[in-house]
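This report describes how some helices pack together in one chain and where a few single residues lie. Please read it beside the sequence and the 3D view.

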Amino acid sequence: MKRIGILTGGGDCPGLNPAIRSVVLKAHSLGYECLGIQEGWKGMISGSAKPLKPEDVEPIISWGGTILGTSRTNPYKKEGGTQAVLENFRKLSLDALVAMGGEDTLGVASKLFREHNARVVGVPKTMDNDLSATDYTFGFDTAVTVAVDAAQRLLDTGRSHRRIMVLEVMGRHAGWVALYTGIAAGADYICIPERKVDVTDMTQRLKAAHGRKNVALVVASEAIDLGDVKEEKLDEFGHMILKERGVGEKLSELIQKATGIETRAAVIGHIQRGGPPTLFDRILATRVGLRAAELVHEGRFGQMVALRGDQVDGVPLEEATSKLKTVPREWLDIVDALTGTRVLARAGA
Ligand code: F6P
């Protein structure tokens with residue numbers, strides 16, 4: 001019987017379990033057995049794997065996290081790491097490997113394909129939604145749904161105390177989570193890494209909003225640079241460990257000082273990555289997982305399943321991982337239209 005390995009790497013996110021489930025169910029129907037590689041590329045380096053049968057995955061569509069465990073291990077940064085991955089590919093008798101991840105995990109898959117012709121297929125996941133070549137990644141919808149709920153709660157308590165509230169969300173170097181959360185929660189100011197924070201503009205708008213509503217809300221991405229960024233710790237993929245930046249708290253102090261209005265900050269951090277996947281994430285994860293098993297069967301290695309419009313199909317892993325998908329200009333115009341219009345409307349009233 002042919003065998004497919006499945007791994008989940010990088011930060012976990014809701015949707016991984018439904019995606020594992022659909023790969024296993026589809027692979028089984030195509031005549032493959034599956035092996036669950038434990039904790040991402042770490043498991044491929046150590047050869048740690050467990051059989052994954054249809055009955056193992058049947059109930060997991062609603063489970064958060066990943067039953068396979070995950071890690072931020074980069075085989076290219078470990079002595080003998082790549083060789084170990086290739087050796088274990090043979091030792092575990094894998095005919096193919098389905099790697100689920102974001103730019104880092106899939107970047108490794110892409111390199112293994114390019115350099116060693118490894119039989120890999122990628123499944124895009126990340127709450128950051130920053131992977132190119134696909135319209136959305138699963139995990140994002142759930143993360144934003146959680147963040148919008150948090151924002152609404154902050155507005156309730158902020159309104160009671162006549163405060164300005166700052167919500168810091170994750171999203172690494174792309175502002176998608178802050179952008180969607182801010183728009184959906186009706187925030188008065190949205191700070192994303194793609195745009196330098198204009199402190200004067202922000203404080204003016206917040207003061208005006210607070211004057212109208214007795215509360216104002218800022219949604220800020222963890223990666224914004226308030227001009228105080230010095231040397232930072234990096235992970236194995238060279239990313240800054242952003243939780244140490246503390247932008248929410250810093251913004252809150254800055255706003256309180258500039259506006260004279262009491263301001264509080266909240267950081268929801270990893271809460272955005274837990275819990276059951278939303279309907280959208282369950283369906284997307286299921287679809288991309290199914291298609292990944294089909295791509296293996298069709299021998300389309302070096303590809304990642306992408307959502308484009310309403311279709312899911314393979315695109316080159318290279319295309320998906322060579323450039324980060326950040327927030328483009330047209331979205332900034334939408335933000336300006338939403339937050340700016342209210343101020344203008346009031347000025348003219
Ligand atoms: O990439 C997903 C993500 O949640 C980022 O938004 C965040 O910066 C990072 O992971 C946090 O990583 P960790 O779980 O290692 O603290």
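Helices (H or I, at least four residues) and strands (E, at least two) are DSSP runs, numbered from the N terminus. With that numbering, Ser-322 is placed in the loop between helix H11 (317-321) and helix H12 (329-348). The model is predicted.

**Helix H6 and helix H7**

Helix H6 has 22 residues. From its first C-alpha to its last, H6 reaches 31 Å, close to the 32 Å expected at 1.5 Å a residue. The buried residues of H6 are Phe-140, Thr-142, Ala-143, Val-144, Ala-147, Val-148, Ala-150, Ala-151, Leu-154, Leu-155 and Gly-158. An α-helix has 3.6 residues a turn, so residues three or four places apart point the same way. The cover over the buried residues of H6 includes strand E6 (164-169), H7, strand E8 (216-221), strand E9 (263-267) and helix H10 (279-298).

Helix H7 is a partner of H6. H6 (residues 140-161) and H7 (residues 176-185) pack with their axes 9 Å apart, at an angle of about 45 degrees. The two helices, H6 and H7, are therefore oblique to each other. Their contact is made on the H6 side by Phe-140, Val-144, Ala-147, Val-148, Ala-151 and Leu-155, and on the H7 side by Trp-176, Val-177, Tyr-180, Thr-181, Ala-184 and Ala-185. Of the residues in the contact of H6 with H7, 11 are nonpolar, one is polar and none is charged. The crossing of H6 and H7 is right-handed.

How many of the 10 residues of H7 are buried? Seven of them are, so H7 is largely enclosed by the rest of the structure. The buried residues in H7 are Trp-176, Val-177, Ala-178, Leu-179, Thr-181, Gly-182 and Ala-185. Gly-186 follows H7 and has a positive phi, near 70 degrees.

**Helix H8 and helix H9**

A second packed pair is formed by helix H8 (residues 199-213) and helix H9 (residues 247-259), at an angle of about 70 degrees and with axes 10 Å apart. That angle makes H8 roughly perpendicular to H9. H8 contributes Val-199, Met-202, Thr-203, Leu-206 and Lys-207 to the contact, and H9 contributes Leu-251, Leu-254, Ile-255, Ala-258 and Thr-259. The contact of H8 with H9 has seven nonpolar residues, two polar and one charged. The crossing of H8 and H9 is right-handed.

Helix H9 also holds Gly-248. Is Gly-248 buried or exposed? Gly-248 counts as buried, because its relative accessibility is 0%, and buried means under 20%. Not counting residues up to four places away in sequence, Gly-248 touches Val-166, Glu-168 and Ala-265. The C-alpha atoms of Gly-248 and Val-219 are separated by 8.8 Å, with their positions 29 residues apart along the chain.

**Residues in loops**

The loop between strand E5 (120-124) and H6 contains Thr-137. Ala-133 also has its place in the loop between E5 and H6. Leaving aside neighbours within four places in sequence, Thr-137 is in contact with Pro-124, Lys-125, Thr-126, Asn-129, Leu-131, Asp-281 and Leu-284.

On the other side of H6, Arg-162 lies in the loop between H6 and E6. Most residues other than glycine have a negative phi, and most peptide bonds are trans. Ala-133 is not a glycine, yet has a positive phi of about 75 degrees. Arg-162 is not a glycine either, and its phi is positive, about 60 degrees.

Ser-322, in the loop between H11 and H12, is 315 residues from Leu-7 in sequence. In space, Ser-322 and Leu-7 are 21 Å apart, C-alpha to C-alpha.

The table gives the accessibility of these loop residues.

| Residue | Relative accessibility | Class |
|---|---|---|
| Thr-137 | 1% | buried |
| Ala-133 | 16% | buried |
| Arg-162 | 45% | partly exposed |
| Ser-322 | 58% | exposed |

Definitions and conventions. Residues numbered from 1 in each chain as written. Predicted model: local features only at pLDDT ≥ 70, side-chain atom pairs only at ≥ 80, totals over all residues. Heavy atoms only, no water. Axes fitted to C-alpha atoms, helices over the stretch in contact; angles between N-to-C directions. Parallel < 35°, antiparallel > 145°, perpendicular 65-115°, else oblique. Left-handed = near helix turned anticlockwise from the far one by under 90°. Contact = heavy atoms within 4.5 Å. Nonpolar A, V, L, I, M, F, W, Y, C, P; charged D, E, K, R; others polar. Expected span 1.5 Å × (residues − 1). Buried < 20%, exposed > 50% of the residue type's maximum accessible area, 1.4 Å probe, protein only.
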